[in-house]
Amino acid sequence: MGGTPQGASAAEPDAPAGAPCSVTLDERQRKLISLLMAGHTDSSAAHRLGISPRTVTNILRSLMDRLGVDNRFQLGVALGAHLRLTAPKTHLRPGTGHRGTVHQGSRAFDRAT
């Protein structure tokens with residue numbers, strides 16, 4: 001019998017069994033994830049948000065539990081996949097095949113050059 005493997009959804013054949021379809025992040029979680037993605041440490045992100053580093057750990061642990069992952073790497077992959085699926089589509093610049101400017105440090109480089 002072909003079709004969907006046992007435990008997988010027909011709508012999401014590649015999704016692991018029991019994987020959540022979507023994740024809703026509150027404002028503090030979104031800000032924390034943004035800071036961590038930008039390279040902040042737990043301590044510096046906590047300072048910027050006015051919370052303790054222990055609260056950062058608790059927020060991340062809560063997200064890991066909700067997503068059914070075991071470590072921060074898996075959390076990053078899961079959130080990255082979620083953000084990629086839910087982010088607004090960006091349009092490529094006509095004729096270039098890329099999305100435009102890459103920022104490195106304080107200088108900006110156009111990918112076309």
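**Group meeting talk: around Leu63**

Let me begin with Leu63, which is buried, with a relative accessible area of 0%. Please keep in mind throughout that what we are looking at is a predicted model. Leu63 has its place in helix α3, and if we leave out residues up to four places away in sequence, Leu63 touches Leu25, Gln29, Ile33 and Leu75. One of these partners, Leu25, is 38 residues apart from Leu63 along the chain, and yet the C-alpha atoms of the two are separated by 8.9 Å.

Before following those contacts, I would like to step back to the whole protein. The secondary structure comes to four helices and two strands, and reading along the sequence we find the pattern α-α-α-α-β-β. Of the 113 residues, 19% count as buried, and Leu63 belongs to that group, since its 0% lies under the 20% that serves as the cut-off. As for contacts between residues at least 6 apart in sequence, 31% of them join residues at least 24 apart.

Now to α3 itself, which covers residues 53-67. How far apart should the ends of a helix of 15 residues be, at 1.5 Å a residue? The expected span is 21 Å, and the end C-alpha atoms of α3 are 21 Å apart, so the expectation and the model agree. Besides Leu63, the buried residues in α3 include Val56, Ile59, Leu60, Met64 and Leu67. Together with Leu63, they cover an arc of only 135° around the axis, and therefore they sit on the same side of α3. On the face turned away from this buried side we find the exposed residues Arg54 and Asp65. After α3 comes Gly68, whose phi is positive, near 70°.

Let us next cross over to helix α1, residues 27-37, where Ile33 lies. Is Ile33 buried or exposed? With a relative accessible area of 9%, Ile33 is buried, because the cut-off for that word is under 20%. Not counting residues up to four places away in sequence, Ile33 touches Leu60, Leu63 and Leu79. Ile33 and Leu79 are 46 residues apart in sequence, while from C-alpha to C-alpha they are 8.9 Å apart in space.

Gln29 also has its place in helix α1, and Gln29 too is buried, with a relative accessible area of 10%. Leaving aside its neighbours within four places in sequence, Gln29 is in contact with Thr24, Ile59, Leu63 and Arg66.

Finally, I would like to turn to a pocket, because some residues already mentioned return there. The second largest pocket has a volume of about 160 Å³. Which residues line the second largest pocket? The lining is made by Ile33, Leu36, Met37, Leu60, Arg72, Leu75, Gly76, Leu79, Gly80 and Leu83. Helices α1 and α4, the latter being residues 72-86, each supply at least two residues of that lining, and α4 gives the most, with six residues. By character, the lining residues divide into seven nonpolar, two polar and one charged.

To close, I suggest looking once more at Ile33, a residue that touches Leu60 and Leu79 and that lines the second largest pocket together with both of them.

Conventions: Residues numbered from 1 in each chain as written. Predicted model: local features only at pLDDT ≥ 70, side-chain atom pairs only at ≥ 80, totals over all residues. Heavy atoms only, no water. Buried < 20%, exposed > 50% of the residue type's maximum accessible area, 1.4 Å probe, protein only. Contact = heavy atoms within 4.5 Å. Expected span 1.5 Å × (residues − 1). Arc of directions from axis to C-beta. 1 Å grid on protein atoms, 1.4 Å probe; cavity = no way out; pocket = protein on both sides within 12 Å on 5 of 7 lines; lining within 4 Å. Points joined across faces, edges and corners; volume = space filled by probe spheres on them. Nonpolar A, V, L, I, M, F, W, Y, C, P; charged D, E, K, R; others polar.
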